[in-house]
Structure formats: C-alpha cells, structure tokens
Amino acid sequence: MDEDLAAGLASLAAGIQKMKTMIPDIYNKPKILLAYLFDYFPDEEELLIKLAPSILSDISVLFYGQLLCGKFDSVQILKEASENSDANMSYMNMYLRTLYLVEGAEEFFTEYKTDAARADGKREYTINIKKSNEDISAEEYYQMACMQKSEKGIEDKALYVDLLKKASDKGHLAAKHSMALFYLKGKYVKQDIDRGFMELMECADNGYAGAGYEIYTFSKRYREIISENIAFDYLKKAAMAGMREAEYDLAMLYYENGADGDYKKAVELLRKCADKNDAGAMYQLALCYRYGHGTSPDIKKAMELLEKAAGLGHKRAKEIIALVIRKTL
C-alpha cells in the first residue's frame, strides 16, 4: 500500500472514529456515515468516491457485526461478496482495513478476489482477525453481547452469556447485574446463589441502587445466605439512592416496628414516595395522619391523600372514600 493511500485510509479511520463517538451505531447507517465523511473530510473526496460503494455495501455492515462478535460466518460473507457487483473488491479490502484501524484488531488480514480460471467467477476470500482479550474494554464486550439481542430474542445464547460474563469480569455494572440475576435464577447458567448475591453486592457497593433492593427481596428466600440485618442495610442504601420501591418497603418496615422514632422515619419516607405518585404510599400516609403515627393527627390531610390514592386506582382507598360518601348522604 503506497504512502498516500495509507495516509488517506488513516484519515478515513480518524473520521469514522469521530462519527462513532457521535453516533455509536453509525455502521448500521452507512448512508449517514458517508454523508458525514464527505462533509468533515473534503480533502479525502477522491478516496471517498472510490470507497463509497464499499461503505454502502451490505458486506461492510455484515463484516463489522462479525468483527465485533469475533464470530465469522464464512458462508454468509461469501454469499454477500459473490452477489455484490457494485463494490470493487480491492476497495472493499481497503475499507475493511479501515475498520481494522478504527477497532484496533490484531493479526488482521482479509482479501476478496476473483479467480479468472473458475467458470462461475465466484470470489474467494480469506479472513483472519483477532483482538486480544486485554484490548477489548468492558463496554465493548457489553455492546457485543447486546448485539446478540433482536426483536426475535437472543440469537446465540451461549455467545451472549460468554460476552456478558467477560464484560462483567471487567467491571461493567450493567453486565454484572444481569449475570447476578442469571446466577440467582439459574437462567442461561447453572444456578449459583452465593455467586449471584456476591455479584449483586458488588453492584450495590458501586452505586447500583437497584441491586441493593434486589438483595433485600431475594434475601427473603435465602435467609441462610443473607441475614436480615445485611438485607436491611442494602435496602437502606437503595432507599437513600432515591429508589421508590426501596423507600416504600423501608417505610413499611419502620411502620411495622411501631416505635415512635420509627413511625417518624416511616412518615418521612412515605412522603417521598407519595410525591412520586405512589398510591400505596399515599394510602399508608393517610393512615398515619388519621391515627397520629409519626405526625400530628390531621383528618383533612388524611382524606386528601385517600382521594389522591383512589384517583390513582388504589382499591382500599376507593372503598373508604365510597363509605365516607354514603355516610354523608
């Protein structure tokens, strides 16, 4: 490859990297990618014109998807290559090498060619691409896993879990959270309750509020693994992070305890939930005002809360409002 072409491809790679930062799934929008490249890199117009059919071809989108997953379907690649007459194969090679520069893959080589001696004229090709585990980030592994999902479900469950686990092992919290639930439920992997709780704790300790709440809910089934005190601590963490479900459950624990100080804590949390349009919290807070639990008795305020809860569909609140109406008639 001559120096001018190499420089042009490097410039193109830089442009694509910039577009990837702006639009993560830009490869699935080749027309938009090409338009951006023409706008941002006018000095490379001649090269872009030559590469345009390759950029717009189905082969490049297919190749990139396989590059990310590290799983090549040679039959599919050959079919696309043999049926695509618009993309000159030498320029296709150049564009695929550009994708290599963008993604930082190692030991990359690809070649499409036509064997003139073959009567059918089908293109032959070789692909050898490798990206070492150390060079793939947690986010990249997570994105690869997400690519296995479609409206039809997960295409390759074994590959999906493998990629998700790699992302989890590198510290990706969303991946770690998913793997934790898989271990706890025995979904896609062999059930491992201890490991599931360990992964959830790591998520919760790193600010993943939902994981703290799930530790509390799952702990009800596994008291021999997670003590009531530990579960309570994680519930408080989730509530402090502003998770409404955790705030409500914590409020109910305080309320059920029945001490004056706990009633006040319950009321504080129930108010937060009520402000988030939680009908159950409104109903429970109305009872606090009715009986003076944790706050001064206030029948008017209690009725206002019951009416709001009823308006949101709370069954018991509706029944009480209907009863009050009948008594006033």
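Which residue just after α10 takes a positive phi? I looked there before anything else, and G207 is the one, with a phi of about 95 degrees. A reminder to myself: this is a predicted model.

**Entry: overall count**

I went through the chain's secondary structure and got 17 helices and four strands. The chain has 329 residues, and 44% of them count as buried. I also checked the contacts between residues at least 6 apart in sequence: 49% of these join residues at least 24 apart.

**Entry: α10**

Back to the helix that precedes G207. Helix α10 covers residues 193–205, and I wanted to see whether its length fits. Its 13 residues should span 18 Å at 1.5 Å a residue, and the end C-alpha atoms are 18 Å apart, so the two agree.

Next I listed what is buried in α10: I193, G196, F197, E199, L200, C203 and A204. These residues cover an arc of only 160 degrees around the axis, which means they sit on the same side of α10. I noted that E199 is on the buried list along with I193 and F197.

What covers that side? I found that the cover over the buried residues of α10 includes α8 (157–169), α9 (173–185), α11 (209–219) and α12 (228–240).

**Entry: cysteines**

How many disulfides does a search of the whole structure find? Zero. I looked at two cysteines anyway. C203, one of the buried residues of α10, has a relative accessible area of 0%. C288 is also at 0% relative accessibility and therefore counts as buried, the cut-off being under 20%.

**Entry: α17**

I ran the length check on helix α17 (residues 315–328) too. With 14 residues at 1.5 Å each step, it should span 20 Å; its end C-alpha atoms are 20 Å apart, which agrees.

The buried residues here are A317, I320 and I321. They cover an arc of only 100 degrees around the axis, so they lie on the same side of α17. Turning the view around, I found the exposed residues K315 and R326 on the face turned away from the buried side. As for partners, the buried residues of α17 pack against α15 (279–291) and α16 (299–311).

**Entry: α3**

Helix α3 (residues 45–56) has twelve residues. From first C-alpha to last it reaches 15 Å, close to the 16 Å expected at 1.5 Å a residue. I wrote down its buried residues as L47, L48, L51, A52, S54 and I55. I55 turns up again in the cavity entry below, among the lining residues.

**Entry: largest pocket**

I then looked for open space. The largest pocket holds about 410 Å³. Its lining has 16 residues, and P24, Y64, L68, Q143 and M147 are the ones nearest the centre.

Which helix gives the largest share of that lining? It is α4, with five residues. Both α4 (58–69) and α7 (138–147) supply at least two residues each.

While on α4, I checked L67, which is in this helix. L67 is at 10% relative accessibility, so it counts as buried. I also paired L67 with M144: they are 77 residues apart in sequence, yet their C-alpha atoms are 9.6 Å apart in space.

**Entry: the cavity**

For enclosed space, I found one cavity of 30 Å³ or more. The largest cavity has a volume of about 30 Å³. Its lining is made of Y27, P30, L33, I55, S60, V61, Y95 and L99. By helix, α2 (30–40), α4 and α6 (89–103) each give at least two of the lining residues.

**Entry: V102**

Last stop, a residue in helix α6: V102. Is V102 buried or exposed? At 11% relative accessibility, V102 counts as buried.

I then asked what V102 touches, leaving out residues up to four places away in sequence. The list is A13, I16, Q17, K20 and Y27. Y27 is a name I already had from the cavity lining. I also took the pair V102 and A14: these two are 88 residues apart in sequence and 7.3 Å apart in space, C-alpha to C-alpha.

Definitions and conventions:
Residues are numbered from 1 along each chain as its sequence is written. This is a predicted model: local features need pLDDT of at least 70, side-chain atom pairs count only at pLDDT 80 or more; totals for chains, interfaces and linings use all residues. Side-chain values use heavy atoms; hydrogens and water are left out. The expected span of a helix is 1.5 Å times one less than its number of residues. Buried means under 20% relative accessible area, exposed over 50%, partly exposed in between (1.4 Å probe, protein chains only). The arc is that of the directions from the helix axis to the C-beta atoms. Contact means heavy atoms within 4.5 Å. A disulfide is a pair of cysteine sulfur atoms within 2.5 Å. On a 1 Å grid over the protein atoms alone, a cavity is a set of points where a 1.4 Å probe fits but cannot get out, and a pocket is an open set with protein on both sides within 12 Å along at least five of seven lines; lining residues have an atom within 4 Å of a point. Grid points are joined across faces, edges and corners, and a volume is the space filled by probe spheres set on the points.
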